[in-house]
Amino acid sequence: MGEQDYNDENEWVEGSGNVFLDAGFSAEEAAVMAAKSKAMIEIEKAVRGMNQVRAAEMLGIPRSRLTKLRAGVYKGVTLDKMFIMAARVGTSLTVSEKRVPKRKRVPKHKKATAA
């Protein structure tokens, strides 16, 4: 079950479990962005403790690209490339399928009235 948040009408909206989908990206974009984020988390775990120059060398990318990846800028980096980087540091990534439910609106909470 996802997180809940308010929408513009102050109604509770059930989160989908994918922050990118909830932020308004298309389902396709949100799926790719979530996969890249999860891949980067695993890559980051593998290079934890290394300085940026050493980590970039092991991943086979320029240090400036690693800086951007760590900042969440994945433009120009395909999932294929992320799988290759993960393999270079001894991490195995997997792909799984999960249906993302549509967002549901939950009715506004009624204010309690004094008796």
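# A guided tour, starting at Val73

Select Val73 to begin: with a relative accessible area of 42%, Val73 is partly exposed, because that value falls between the 20% and 50% cut-offs. You will find Val73 in the loop between helix 4 and helix 5. Keep in mind as you click around that this is a predicted model.

**From the loop to helix 2**

Now add Ser37 to the selection. Val73 and Ser37 are 36 residues apart in sequence, yet their C-alpha atoms are 9.7 Å apart in space. Ser37 sits in helix 2. Is Ser37 buried or exposed? Its relative accessibility is 17%, so Ser37 counts as buried. Show the side chains around Ser37 and, leaving out residues up to four places away in sequence, you will see that Ser37 touches Phe20 and Tyr74.

**Zooming out**

Switch to a cartoon view of the whole protein chain. The secondary structure comes to 5 helices and 2 strands. Reading from the N terminus, the order is β-β-α-α-α-α-α. Colour the chain by accessibility next: of its 115 residues, 26% are buried. If you like contact maps, take the contacts between residues at least 6 apart in sequence; 45% of these join residues at least 24 apart.

**The nonpolar core**

In soluble globular proteins, nonpolar side chains tend to be buried together. To look at this here, select Met40, Ile43, Leu59, Leu66, Leu69, Met82 and Met85, the residues with the most contacts inside the largest nonpolar core, which has 17 residues. Which helices each supply at least two residues of this core? They are helix 2 (27-47), helix 3 (52-59), helix 4 (63-70) and helix 5 (79-88). Helix 2 gives the most, with 4 residues.

Centre the view on Met40. Setting aside neighbours within four places in sequence, Met40 is in contact with Leu66, Leu69, Arg70, Tyr74 and Met82. Tyr74 is also touched by Ser37, so keep your earlier selection visible.

**Helix 2 against helix 4**

Two packed helices are described by the angle between their axes and the distance between the axes. Show helix 2 and helix 4: their axes come within 11 Å and cross at roughly 120°. That angle makes helix 2 oblique to helix 4. The crossing is left-handed. To see the contact itself, select Met40, Glu44 and Val47 on helix 2, together with Leu66, Leu69 and Arg70 on helix 4. Coloured by class, the residues of this contact divide into 4 nonpolar, no polar and 2 charged.

**Helix 3 against helix 4**

Keep helix 4 on screen and bring in helix 3. The axes of this pair come within 9 Å and cross at roughly 100°. Helix 3 and helix 4 are therefore roughly perpendicular to each other. On the helix 3 side, pick Gln52, Val53, Ala55, Ala56 and Leu59; on the helix 4 side, pick Arg63, Leu66, Thr67 and Arg70. By class, this contact has 5 nonpolar, 2 polar and 2 charged residues.

**Last stop: helix 5**

From Leu59, step across to Ile84, which lies in helix 5. How many residues apart in sequence are Ile84 and Leu59? The separation is 25 residues, while their C-alpha atoms are 8.1 Å apart in space. With a relative accessible area of 40%, Ile84 is partly exposed, and the tour ends here.

Methods:
Residues numbered from 1 in each chain as written. Predicted model: local features only at pLDDT ≥ 70, side-chain atom pairs only at ≥ 80, totals over all residues. Heavy atoms only, no water. Core = buried A, V, L, I, M, F, W, Y, C linked by side-chain atoms within 4.5 Å. Buried < 20%, exposed > 50% of the residue type's maximum accessible area, 1.4 Å probe, protein only. Contact = heavy atoms within 4.5 Å. Axes fitted to C-alpha atoms, helices over the stretch in contact; angles between N-to-C directions. Parallel < 35°, antiparallel > 145°, perpendicular 65-115°, else oblique. Left-handed = near helix turned anticlockwise from the far one by under 90°. Nonpolar A, V, L, I, M, F, W, Y, C, P; charged D, E, K, R; others polar.
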